[in-house]
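Got the viewer open? Let's take a walk through this model, one selection at a time.

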Amino acid sequence: MFALGVGMSSSARLADLQEIVGSVLAEAGWAWEEVAVVGTTRRLVDDQRLVQLGARLVGFDCSDLEAVEVPSRPSSAARRLLAPPVAEAAALLAAGTGSRIVVPKRVGRHVTVAAAVGEQR
């Protein structure tokens, strides 16, 4: 299963999200149609910017995201805000059993995106 994980601030625009998602998909060598799910925080799961992507969305609690070991270190802003790492952790959780990061966290304008692959949930 191909999954993306997305973290973003309230300042992110749909165009910002689409740009970094396109870049991550190109890096992974995936077409948008191959993405089975987009994972994010429970707070963002109904966000219209994500809904407009058209993929199945799944939201995770911060405690679940914090429990995932991720390859990238949290940003200084995330550490200051005590925010969990979202993009990689959400991608791994969304991809399911045996998941692994294919494209580590990439940072765009107010958006982070990572890609993971795993067994179907």
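## Start at R106

Select R106: at 27% relative accessibility, this residue counts as partly exposed. Before going further, keep in mind that you are looking at a predicted model.

Now add E27 to the selection. The side chains of R106 and E27 form a salt bridge, with N and O 2.6 Å apart. R106 sits in strand β4 and E27 in helix α1, so this pair ties together parts that are 79 residues apart in sequence. E27 is partly exposed too, with a relative accessible area of 44%.

## Zoom out for a moment

Show the whole chain as a cartoon. You should find 5 helices and 5 strands. Trace them along the sequence and the pattern reads β-α-β-α-β-α-α-α-β-β. The chain has 121 residues, and 46% of them count as buried. How much of the contact list comes from residues 24 or more positions apart? Among contacts with a separation of 6 or more, such residues account for 62%.

## Along helix α1

Next, select residues 14-28, which make up α1. This helix has 15 residues and reaches 21 Å from its first C-alpha to its last, close to the 21 Å expected at 1.5 Å a residue.

Colour D16, L17, I20, V21, V24, L25 and A28: these residues of α1 are buried. Now turn the view until you look down the axis of α1. The buried residues fall within an arc of 155 degrees, so they line one face of the helix. What covers them? The cover includes β1, β2, α2 (48-51), β4 (100-107) and β5 (111-117), so it's worth switching those elements on.

Flip to the face of α1 turned away from the buried side. There you'll find the exposed residues E19 and A26. Then step just past the end of α1 to G29, which takes a positive phi of about 80 degrees.

## D16 and its partners

Go back into α1 and pick D16, which has its place in this helix. Is D16 buried or exposed? With a relative accessible area of 4%, D16 is buried.

Add R13 and look at two things:

- The side chains of R13 and D16 meet in a salt bridge, 2.9 Å from N to O.
- The backbone nitrogen of R13 also lies 2.9 Å from a polar atom of the D16 side chain.

R13 itself is at 49% relative accessibility and counts as partly exposed. Bring in R109 as well, since salt bridges that share partners join R13, D16 and R109 into one network. If you leave aside neighbours within four places in sequence, D16 is in contact with S11, R109, H110 and V111.

## One more salt bridge

The salt-bridge count for the model comes to 5. Another one to look at is D47 with R49, where the closest N and O atoms are 2.6 Å apart. Check the surroundings of this pair: D47 is buried, and so is R49.

## The aromatic stop

Select F2 and W30. The count of aromatic pairs comes to 1, and here it is: the rings of F2 and W30 are stacked, 4.1 Å centre to centre, with 10 degrees between the planes. F2 lies in strand β1 (residues 2-8) and W30 in the loop between α1 and β2 (35-41), so the pair ties together parts that are 28 residues apart in sequence.

Which of the two is buried? Switch on a surface and compare. W30 is buried, with a relative accessible area of 10%, whereas F2, at 24% relative accessibility, counts as partly exposed.

## Last stop: T41

Finish in strand β2, where T41 is found. At 7% relative accessibility, T41 counts as buried. Which residues is T41 in contact with, leaving aside its neighbours within four places in sequence? Show G59, F60, L65 and V86 as sticks and you have them.

Then draw a distance from T41 to M8. Their C-alpha atoms are separated by 9.5 Å, with the two residues 33 apart along the chain.

Conventions
Residues are numbered from 1 along each chain as its sequence is written. This is a predicted model: local features need pLDDT of at least 70, side-chain atom pairs count only at pLDDT 80 or more; totals for chains, interfaces and linings use all residues. Side-chain values use heavy atoms; hydrogens and water are left out. Rings of Phe, Tyr and Trp (its six-membered ring) pair if their centres lie within 6.5 Å; planes under 30 degrees apart count as stacked, over 60 as edge-to-face and the rest as tilted. Helices (H or I, at least four residues) and strands (E, at least two) are DSSP runs, numbered from the N terminus. Buried means under 20% relative accessible area, exposed over 50%, partly exposed in between (1.4 Å probe, protein chains only). A polar contact is a pair of N or O atoms within 3.5 Å; within protein, one must be able to donate a hydrogen and the other to accept it, and residues adjacent in sequence count only if both atoms are side-chain atoms. Contact means heavy atoms within 4.5 Å. The expected span of a helix is 1.5 Å times one less than its number of residues. The arc is that of the directions from the helix axis to the C-beta atoms. A salt bridge is a side-chain nitrogen of Lys or Arg within 4 Å of a carboxyl oxygen of Asp or Glu.
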